[in-house]
Amino acid sequence: MTSSQYVIIGAGFAGAATAYHLALSGVKDITILEQEAVAGFHSSGRNAAMVRQVVSDPALAALTRGGAAFLRALPPDWPVPVGFEQNGSLLLGSGEGWEKLSRDAETARQMGVGVESWSKDKATEFVPALKGADFDGGVWCLTDGVVDIHALLTGYLKAAQARGVRVRYGCSVGGFEVEQGRVTGLSTSDGAIATETVINASGAWAVAIARLAGAVEPPLHPYRRHLFVTAPLPWVDRKWPFVWHITHDLYFRPEAAGLLVCPCDQQEMLPGDTPTDESVTELLFEKIHRHFPALTEIAIKRSWAGLRTLSDDGRFVIGWDPKIKGFFWVAGLGGHGVTTSSAVGALAAKLIRDPHSGSGEEFSPRRFLAATGR
Ligand SMILES: Cc1cc2nc3c(=O)[nH]c(=O)nc-3n(C[C@H](O)[C@H](O)[C@H](O)COP(=O)(O)OP(=O)(O)OC[C@H]3O[C@@H](n4cnc5c(N)ncnc54)[C@H](O)[C@@H]3O)c2cc1C
């Protein structure tokens, strides 16, 4: 049997950023366990790579702002360039959705994020592919952008490893040792590990892992979402921002010589290697036809799907488990796990080191205890 003071389950953004910030705070004995042969095989390697700060929930907005600030000014000893292209974002709204988006922009402004309200004409002049689109106005955020997700994830892991963190791939957690309500170890496909602290950063598997330990079971659900990459399009300007119609849930951004497009489909799935569903292509073109008619002629070259794991109240789950001592949560990062990664890792590390800091109460898994009773 081996031992480790802290064991993190999962080498996605949640686990890697938490390991990095824990190591940065001086913790020496940390092991990340990843069931796959590589990091980022699941959600962290299958997303749209957009850094978006304008969101409705002020608690989340603090994390999106913190995460984006980290990407703009990486630490001097950061090991890998992350290719952050700060081309901005243009969020669109119509009807009541435009009023709601304007309120979200105000929340961002109050947090110190620079945003501007744009008329439909100004937005269409900036991104001509919006010609004929159905929206009332746009919110422009200059400091948003797109990041190289594989480089960013590698960066967290390398920076953590440089501070002594161990990463074990192909090592699947299958059970826990719990004595008198406290974690004392876990069993893996690669042998037993003695530990007093387990950090559940297992993404779509977070509830299954919690069940193995007898921890609280928050209402966390994995939802599949598809992304599509088009064939080359000569009229796309690589400097365009990402454009997201928030009211009708449809987005696009430059990708290679074409576009990456997403119909924001949402179907609950079991955790696993997410298969694609042909019928979502129809949904994509139906939405494009209705809301972004200038994109009607695009040809799809490839597509894939990934899981966004969301809690019923939409908030992340970060904090100590209320039932099992030594069991910590970093899960439910939904559609914001890239943007917020550094801020999430920093908050998790702070709460792990100092459980009584009073920070991050709004993300605590305790909020589900009364509701689920489990
Ligand atoms: C289509 C799509 C688009 C998205 N676009 C964006 C975007 O533009 N911007 C943004 O900020 N976010 C985006 N997201 C969200 C983002 O990808 C996620 O929030 C983030 O990747 C979640 O990271 P995670 O570490 O929690 O999960 P994961 O990346 O899934 O990592 C969890 C890891 O735990 C491992 N694991 C599970 N069980 C075990 C076990 N028993 N033993 C060992 N290891 C285990 C898994 O193998 C996995 O590698 C998008 C998501 C999707 C699906």
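**Entry on Ser311**

I began with the surroundings of Ser311 and found that, leaving aside its neighbours within four places in sequence, Ser311 is in contact with Pro219, Leu220, Val317, Arg367 and Phe368. I note here that I am reading a predicted model. Ser311 has its place in strand 19, and I count Ser311 as buried because its relative accessibility is 6%, where buried means under 20%. I then followed the side chain of Ser311 and recorded a polar contact of 2.8 Å with the side chain of Asp313.

**Entry on Gln53**

I next looked up Gln53, which lies in the loop between strand 4 and helix 2 (58-72). Is Gln53 buried or exposed? I found Gln53 to be buried, with a relative accessible area of 2%. The side chains of Gln53 and Thr143 are joined by a polar contact of 2.9 Å. When I left aside neighbours within four places in sequence, Thr143 appeared again in the contacts of Gln53, alongside Thr64, Arg65, Ala68, Arg72, Val113, Cys141 and Asp144.

**Entry on Leu260**

I turned to Leu260, which is found in strand 17 (residues 258-262) and counts as buried at 1% relative accessibility. Not counting residues up to four places away in sequence, I listed what Leu260 touches: Ala48, Leu227, Phe228, Val229, Tyr251, Phe252, Arg253, Glu255 and Trp304. I also checked Leu260 against Asp144, which is 116 residues apart from it along the chain, and noted that their C-alpha atoms are separated by 17 Å.

**Entry on the second largest pocket**

I then examined the second largest pocket, in which about 350 Å³ of space lies. Which of its lining residues are closest to its centre? Of the 23 residues that line this pocket, I wrote down Ala49, Val146, Val147, Arg253 and Glu255 as the closest to the centre; Arg253 and Glu255 I had already met among the residues that Leu260 touches. At least two lining residues each are supplied by strand 8 (145-146), helix 5 (149-162), strand 16 and strand 19 (300-311), and strand 16 gives the largest share, with three residues. Sorting the lining of the second largest pocket by class, I have 11 nonpolar, six polar and six charged residues.

**Entry on two positive phi angles**

I looked further at Ala49, whose place is in the loop between strand 3 (30-34) and strand 4 (50-51). The phi of Ala49 is near 65°, a positive value in a residue other than glycine, and I found Ala49 to be buried, with a relative accessible area of 6%. I set beside this Asp249, in the loop between strand 15 (242-245) and strand 16 (250-255), where phi is near 50° and again positive in a residue other than glycine. I class Asp249 as partly exposed because its relative accessible area is 29%, and partly exposed covers what lies between 20% and 50%.

**Entry on a sheet of four strands**

Last, I traced an open sheet of four strands, whose order is 1-12-11-10 and whose pairing is mixed. Which strands are at its edges? I found strand 1 (2-3) and strand 10 (173-179) there, each pairing on one side only. Within this sheet, strand 11 (residues 182-188) and strand 12 (residues 191-194) run antiparallel and are joined by four bridges, and I noted that Leu186 stands opposite Ile193 in strand 12.

Conventions. Residues are numbered from 1 along each chain as its sequence is written. This is a predicted model: local features need pLDDT of at least 70, side-chain atom pairs count only at pLDDT 80 or more; totals for chains, interfaces and linings use all residues. Side-chain values use heavy atoms; hydrogens and water are left out. Buried means under 20% relative accessible area, exposed over 50%, partly exposed in between (1.4 Å probe, protein chains only). On a 1 Å grid over the protein atoms alone, a cavity is a set of points where a 1.4 Å probe fits but cannot get out, and a pocket is an open set with protein on both sides within 12 Å along at least five of seven lines; lining residues have an atom within 4 Å of a point. Grid points are joined across faces, edges and corners, and a volume is the space filled by probe spheres set on the points. Ala, Val, Leu, Ile, Met, Phe, Trp, Tyr, Cys and Pro count as nonpolar, Asp, Glu, Lys and Arg as charged, and the others, Gly among them, as polar. A polar contact is a pair of N or O atoms within 3.5 Å; within protein, one must be able to donate a hydrogen and the other to accept it, and residues adjacent in sequence count only if both atoms are side-chain atoms. Contact means heavy atoms within 4.5 Å. Two strands pair if DSSP finds at least two bridges between them.
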